[in-house]
Amino acid sequence: MAAEKKWLFTLFSAAFLSLILLISILTTFSYHTPYPLILRRGVNFPPAFAYYISGNSGDCDRLFRLLLAVYHPRNRYLLHLGTESSDFERRRLGYLIRSVSVMRAFGNVDVVGKPDAMTYMGSSNIAAILRGASVLLKVDSGWSWFVYLTAGDYPLITQDDLSHVFSSVRRDLNFIDHTSDLGWKEGQRIQPIVVDPGLYLARRVQIFHATEKRKMPDAFKVYTGSPWVTLSRSFLEYCVLGWDNLPRTLLMFTTNVVLSEEVYFHSVICNSPEFQNTTVNSDLRYMVWDDPPKMEPVYLNISNYEHMVQSGAAFARQFTKDEAVLDMIDKKILNRGRNRATPGAWCTGRSSWFTDPCSQWDDVNILKPGIHAKKFQESIENLLKDWNRSPIKCIEQQSN
């Protein structure tokens, strides 16, 4: 009798666990859309953003985590794994994206199928960024700003926060850290002639230097700054379509510049009469540098958390894979569960250990900014006050 009861208990326990598992699977991989999949765009609605997110071999999981952290149905996303990544890694990234119900429903995330080379310090990087911008311009006519991220970046605010604050920003403004004070970069970055073999060789090769240097140009002025940019749609259309020859001229010039992504957009915008007064001198990033600064900012960790939160920045860099402070950002700022998108006002599902609140949604055009939006808004307001006070926007000062 005891053996029979034990057998029945085991049977019912197994059936119960199977039922719970089935409910979890159905909740995770199905979606409920009582509200039509309508995106309201334009000046009377919150702005949308186009994200170009780039990584290299081994960055599949990091790109997917970053995508979830910055995801919103109103935005557009293009993910790129460079030529060093395997086709398997790209297919796996595509599979991970398709496993998220809201991304399947809105179809607003793409992966570059034919990757570009990204040679360290070479001009193939700016070529890849411009290609990404071209694709995003073609596939979606409704976004207002282009945001460039890499696997080492992470957001410090939600997308509801970002869109809410940017709703009061002129949509022709460009957030780009820049300066015409080249300093040591003139002799070590601009005048040396370098060639990036990634532009014409399939295998990985480092840049190489010519034996002679070139004179500084006098047909235009060279600007430099942070490669991490948030650019308006109108300016990117100018760079890609180029209704005068300046964007192409500067692209050819920066092809032989060390770290051309720190020169190209900065020089184009500040030499263009149409766009030079649309520059806000900030990259909206929180970064910590060594003293003296090295090629890259230091890797952030838990000791930097409070400074990050108080910085008023939209993004921070750089982080190692699965750094513990990312879990703190997910929990305390983004309110994001593991392998789930950052929830916003559009998410209507119940949140529990086995259900994703963003597996169900309502009107995706409404926003609900959180407590961290206030600090970011103060930062943007201060930047715009400085912008309004300066009659010349492409100011000649040294970058931070």
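**Notes on the predicted model**

1. Let's start with a strand pairing: S1 and strand S2 (residues 76–81) run parallel and are joined by six bridges. Within this pairing, tyrosine 51 has tyrosine 77 of S2 as its bridge partner. Between the two strands the chain passes through H2, and the resulting β-α-β crossover is right-handed. Keep in mind as you look around that this is a predicted model.

2. S1 has another neighbour to look at. Strand S4 (residues 145–150) also runs parallel to S1, again with six bridges between them. Here tyrosine 52 is the residue that stands opposite tyrosine 148 of S4.

3. How many residues of strand S1 (residues 49–55) are buried? Seven of its seven, so you can call the strand mostly covered, with under 20% relative accessible area as the cut-off for buried. The cover is on both faces: one side carries Phe49, Tyr51, Ile53 and Gly55, the other Ala50, Tyr52 and Ser54, and all are buried.

4. Stepping back for a moment, the chain holds 13 helices and twelve strands. It has 400 residues, and 52% of them count as buried. Take the contacts between residues at least 6 apart in sequence: 76% of these join residues at least 24 apart. The accessible surface of the chain is about 19,400 Å², and carbon and sulfur atoms account for 56% of that.

5. Helix H9 (residues 246–254) is worth a look down its axis. Its buried residues are Leu246, Pro247, Leu250, Phe253 and Thr254. They line one face of the helix, because in that view they fall within an arc of 125 degrees. What do the buried residues of H9 pack against? Three helices: H7 (185–190), H8 (233–241) and H10 (264–271).

6. On to charged pairs, where the count comes to 19 salt bridges. One of them is between aspartate 61 and lysine 321, with 3.8 Å between the closest N and O atoms. This pair links distant parts of the chain, 260 residues apart: aspartate 61 belongs to helix H2 (residues 60–70), while lysine 321 is in the loop between strand S12 (315–317) and helix H12 (324–334). Aspartate 61 counts as partly exposed, at 31% relative accessibility, and lysine 321 is partly exposed too, at 41%.

7. Another salt bridge brings aspartate 172 together with arginine 170, and here the closest N and O atoms are 2.6 Å apart. Both partners are partly exposed: aspartate 172 has a relative accessible area of 26%, and arginine 170 comes in at 43%.

8. Then try glutamate 296 and arginine 317, whose side chains meet in a salt bridge at 3.6 Å, N to O. Glutamate 296 sits in the loop between strand S11 (285–286) and helix H11 (305–310), and arginine 317 is in strand S12, so the pair ties together parts 21 residues apart in sequence. Is arginine 317 buried or partly exposed? Arginine 317 counts as buried, because its relative accessibility is 3% and the cut-off for buried is under 20%. Glutamate 296, by contrast, is partly exposed at 34%.

9. One last item on salt bridges: which residues do shared partners join into one network? They are Arg65, Asp322, Asp327, Asp330 and Arg336.

Conventions
Residues numbered from 1 in each chain as written. Predicted model: local features only at pLDDT ≥ 70, side-chain atom pairs only at ≥ 80, totals over all residues. Heavy atoms only, no water. Buried < 20%, exposed > 50% of the residue type's maximum accessible area, 1.4 Å probe, protein only. Helix = DSSP H or I, 4+ residues; strand = E, 2+ residues; numbered from the N terminus. Arc of directions from axis to C-beta. Contact = heavy atoms within 4.5 Å. Salt bridge = Lys/Arg side-chain N within 4 Å of Asp/Glu carboxyl O. Pairing = 2+ DSSP bridges. Right-handed = clockwise from strand over helix to strand, strands pointing away. Areas by Shrake-Rupley, 256 points an atom, 1.4 Å probe, with all protein chains shown as cover.
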